[in-house]
Amino acid sequence: MGELAVIYDRKDRFLAVGLFDPESPIRVRLLHTGKPLAIDAAWWRQNLAQSLSKRAGRFDAQTTGYRLIHGESDGWPGLVLDRYDQALVIKLYTAIWLPRLEEILALVKEKVPCDQIILRLSRNIQSFVENEYQRRDGQMLVGNPPAGPVIFSEYGIRFEAEVVRGQKTGFFLDQRENRREVETLAKGGRVLNAFSFSGGFSVYAARGGAASVIDLDISAHALESARRNFALNQNFPSVAACRHECVQADAFEWIEKSQAKFDLVVLDPPSLAKRAADQEGAVRAYERLNSLGIARLNRGGILVTGSCSAHVPAAGFFETVRRAAAKSGRKFSEIKTRQHPIDHPASFKEAGYLKVIYLKFIT
Ligand code: SAH
């Protein structure tokens, strides 16, 4: 465990070097390809410097929550580092990082000022890591445990992140640019935010002048957080003036039964294809969900709809949404599509998972 693996071609020429991962179907997690080189302390330092430099100057004091390391696309396979103001969260998706954790921590502490560092472990490695390395999910690596959720800012909006126990690392940082876009589309309208989680899209819509927003999620816990996020932003008169409602329900069922009409519908479901084999079923689910969402839109209404399923490629997802729109028989125009934000790079095809399409229904 924790060994480097060097890969040579048939003529014994160097191809790549990576971390050997005997516990995973991805047996070698590549760190470097091309010319041979030594993976030593200087290399790790350089690797971190490269990740940090991609973000340098991209976020000002208005945005203190963003991703510093995004796994394989940043040269750190299976490792994520997120910043939430003064708290850093290291999330590991493979146990290969454990033997190197101290070394990496020392580097991170040196380069990224912070008060706390929290370790998060993906569910499938938790018991292995506890047994082999005595490290727990949610363990503090630096500093004291936070008293509650950590508060950070995104374009001046304050949000809480449940860094110790929440989904992912506590917040869905990857949708930041879409949330900001939604702020510009919401003025005066009624907004439905389906699969709302902690109300991210809704607070933006409210700040953008939405008359009302509904957060719809199956998780009561997520909706409690959405309420607190609204409370945190009452300093914005438009947020204070917006009518905010939380509905705990299965989004598919609720939208199907609903008679209400909206001017903006946001659909941001969890991954509907966990494995490649789920792709067909997922495409059908996306088509159904989007048809249901479109039916709830007023004339002139806007659909903002996304997919975070890596097994459903962007082109296929966009086609599925356009098909649902065409089948509605309504006239619509496409506003835009968006994929990965700067702090969540996708440097190879399989790394791409996030895609969002914006449609306006004219009739
Ligand atoms: N849009 C959010 C992130 C959404 S994550 C943001 O910007 O932060 C997906 C959310 O969907 C989770 O909060 C999860 O609780 C919720 N969810 C999962 N299945 C659901 C279902 N069938 N109906 C409603 N919500 C569901």
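How many of the six residues of strand 7 are buried? In this predicted model, six of the six residues of strand 7 (residues 116-121) are buried, and the strand is mostly covered. The points below take up this strand and its partner, an open sheet of three strands, the contact of helix 4 with helix 5, two residues with positive phi, and the surroundings of Gln-279.

**Strand 7 and its partner**

- In a regular strand, side chains point alternately to the two faces of the sheet.
- Both faces of strand 7 are covered. On one side Gln-116, Ile-118 and Arg-120 are buried, and on the other Ile-117, Leu-119 and Leu-121 are buried.
- Strand 7 runs parallel to strand 6 (residues 87-92), to which six bridges join it.
- Leu-121 in strand 7 is the bridge partner of Leu-92.

**The open sheet of three strands**

- Three strands form an open sheet in the order 1-2-3, and their pairing is antiparallel.
- Strand 1 (4-8) and strand 3 (28-33) stand at the edges; each has a single partner strand, so one side of each has no neighbour in the sheet.
- On average, neighbouring strands of this sheet are turned by 35 degrees against each other, direction ignored.
- Five bridges connect strand 2 (residues 14-20) with strand 3 in the antiparallel sense. The bridge partner of Ala-16 is Thr-33 in strand 3.

**Helix 4 and helix 5**

- The axes of helix 4 (residues 176-183) and helix 5 (residues 200-207) come within 7 Å and cross at roughly 30 degrees. Helix 4 is therefore roughly parallel to helix 5, because angles under 35 degrees count as such.
- The two helices, helix 4 and helix 5, have a right-handed crossing.
- From helix 4, the residues in contact are Asn-178, Arg-179, Arg-180, Val-182 and Glu-183; from helix 5, they are Gly-200, Phe-201, Tyr-204, Ala-205 and Arg-207. By class, this contact of helix 4 with helix 5 comprises four nonpolar, two polar and four charged residues.
- Helix 4 is mostly covered, with seven of its eight residues buried. The buried residues are Arg-176, Glu-177, Asn-178, Arg-179, Glu-181, Val-182 and Glu-183.

**Positive phi outside glycine**

- Most residues other than glycine have a negative phi.
- Asp-12, in the loop between strand 1 and strand 2, has a positive phi, near 65 degrees. Its relative accessibility of 63% makes Asp-12 count as exposed, because the cut-off for that class is over 50%.
- Lys-168 also has a positive phi, near 55 degrees. Lys-168 is placed in the loop between strand 10 (157-161) and helix 4, and a relative accessible area of 45% makes Lys-168 partly exposed.

**Gln-279 and its surroundings**

- Gln-279 lies in helix 9 (residues 279-295) and counts as partly exposed, at 34% relative accessibility.
- Residues up to four places away in sequence not counted, Gln-279 touches Ala-273, His-311, Val-312 and Pro-313.
- Between Gln-279 and Glu-177 there are 26 Å in space, C-alpha to C-alpha, and the two residues are 102 residues apart in sequence. Glu-177 is one of the buried residues of helix 4.

How values were computed
Residues are numbered from 1 along each chain as its sequence is written. This is a predicted model: local features need pLDDT of at least 70, side-chain atom pairs count only at pLDDT 80 or more; totals for chains, interfaces and linings use all residues. Side-chain values use heavy atoms; hydrogens and water are left out. Axes are lines fitted to C-alpha atoms, for helices over the stretch in contact, and angles run from 0 to 180 degrees between N-to-C directions. Helices (H or I, at least four residues) and strands (E, at least two) are DSSP runs, numbered from the N terminus. Angles under 35 degrees count as roughly parallel, over 145 as roughly antiparallel, 65 to 115 as roughly perpendicular and the rest as oblique. A crossing is left-handed if the near helix is turned anticlockwise from the far one by less than a right angle, and right-handed if clockwise. Contact means heavy atoms within 4.5 Å. Ala, Val, Leu, Ile, Met, Phe, Trp, Tyr, Cys and Pro count as nonpolar, Asp, Glu, Lys and Arg as charged, and the others, Gly among them, as polar. Two strands pair if DSSP finds at least two bridges between them. Buried means under 20% relative accessible area, exposed over 50%, partly exposed in between (1.4 Å probe, protein chains only).
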